[in-house]
Amino acid sequence: MKADLHCHSNVSDGVLAPAAVAAYARKGGVDVWALTDHDEVGGIKAARQAAGELGMRFVAGVEISVTWANETVHIVGLRIDEDNRALIDGLAATRHGRQARAREIGAQLDSAGIPGAYEGALRYVGNPDLISRTHFARYLVEIGACGSTSEVFRKYLTEGKPGYVPHRWATLADAVGWIRGAGGIPVIAHPGRYPFSDTAEGALFDEFRQLGGNAIEVVTGSHTPDQYASYAEVARRYGFLASRGTDFHAPGEARVEFAELPPLPAGLTPVWHDWF
């Protein structure tokens, strides 16, 4: 069974509508698919319908932005009830402030010699409440300021670079609580992406487990093959279930496409082991 449990549509910072993401995933051989838009569940109903029409098993999901140790960490929720009121209200609170942050990013880029970035980023936004750094990155590629979105994040929008504006997201306890309260499974997304020391990373895993989290992404588009092995060992050591997903945003934009993502390493318990 080929599961992809981390994908984005234009309801957050992806390019394609939910039904188009479903079709692209199915074309890539996906059998079990989750839509996990950032801090938003508005695309789930369309995604569920499209997946059903394509013969894919669908998993309702979300990716919640968390501030932990002054860094942004993402917690994916799988098999959630997207109509759960506490989850909906929590996500709305998390989204609050993105517009003000985006305007400040635009002002900083203007000062750095890139005028009109806020207006340019808006052209890539499907949901104005969820304008993000990714939308700015796509605009900077469009105007030739950088050759790729990865180059944008090396030169702009990150700490110490023009366009970096920090934001306080939900707490880890909030995110895990909202997901569990909505009947879902909390998953630490792409743990290899965060700039933590071994000690800090261990503290994150310990707190996550104490709060009721029990899964991490092992195979993801953000990880290298070496990290697949490293986080497989983390999953074994902490007793975490293992998840897998491309973190898809747009065709050709990710390092790994649906058809290319490898299976989970042997000896792990997949997060979906008892779903069907």
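Contact is taken here to mean heavy atoms within 4.5 Å. The structure analysed is a predicted model.

In this model, helix α8 spans residues 172-181, and its buried residues are Leu172, Ala175, Val176, Trp178 and Ile179. These residues lie on the same side of α8, because they cover an arc of only 160 degrees around the axis. Such an arrangement can be read against helix geometry: with 3.6 residues a turn in an α-helix, residues three or four places apart point the same way. The buried residues of α8 pack against two strands, β3 and β4, as well as α3 (85-95), β5 (185-188) and α9 (198-211). After α8 comes glycine 183, which has a positive phi, near 80 degrees.

Positive phi values also occur outside glycine. Most residues other than glycine have a negative phi. Alanine 69, in contrast, has a positive phi, near 55 degrees. The residue sits in the loop that connects β3 and β4. With a relative accessible area of 52%, alanine 69 is classed as exposed, because the cut-off for that class is over 50%. Aspartate 247 likewise is not a glycine and has a positive phi, of about 60 degrees. Aspartate 247 is placed in the segment after β7. Its relative accessible area is 9%, so aspartate 247 is buried under the criterion of less than 20%.

Strand β7 itself covers residues 241-245 and contains serine 243. The relative accessibility of serine 243 is 1%, and the residue therefore counts as buried. Leaving aside residues up to four places away in sequence, serine 243 touches Leu5, Leu78, Val187, Ile216, Glu217, Val218, Val219, Leu264 and Val271.

Empty space in the model was examined next. Rolling a probe the size of a water molecule over the atoms shows where such space is left. The largest pocket has a volume of about 1400 Å³. Its lining consists of 40 residues, and those nearest the centre of the pocket are His74, Arg133, Thr134, Phe153 and Arg193. Two or more lining residues are contributed by each of β3 (57-68), β4 (71-78), α4 (98-111), α6 (133-142) and α7 (149-155). By residue class, the lining of the largest pocket comprises 20 polar, 12 charged and 8 nonpolar residues. Strands β3 and β4 thus appear in two settings: both give residues to the lining of the largest pocket, and both are packed against by the buried residues of α8.

Definitions and conventions
Residues numbered from 1 in each chain as written. Predicted model: local features only at pLDDT ≥ 70, side-chain atom pairs only at ≥ 80, totals over all residues. Heavy atoms only, no water. 1 Å grid on protein atoms, 1.4 Å probe; cavity = no way out; pocket = protein on both sides within 12 Å on 5 of 7 lines; lining within 4 Å. Points joined across faces, edges and corners; volume = space filled by probe spheres on them. Helix = DSSP H or I, 4+ residues; strand = E, 2+ residues; numbered from the N terminus. Nonpolar A, V, L, I, M, F, W, Y, C, P; charged D, E, K, R; others polar. Buried < 20%, exposed > 50% of the residue type's maximum accessible area, 1.4 Å probe, protein only. Arc of directions from axis to C-beta.
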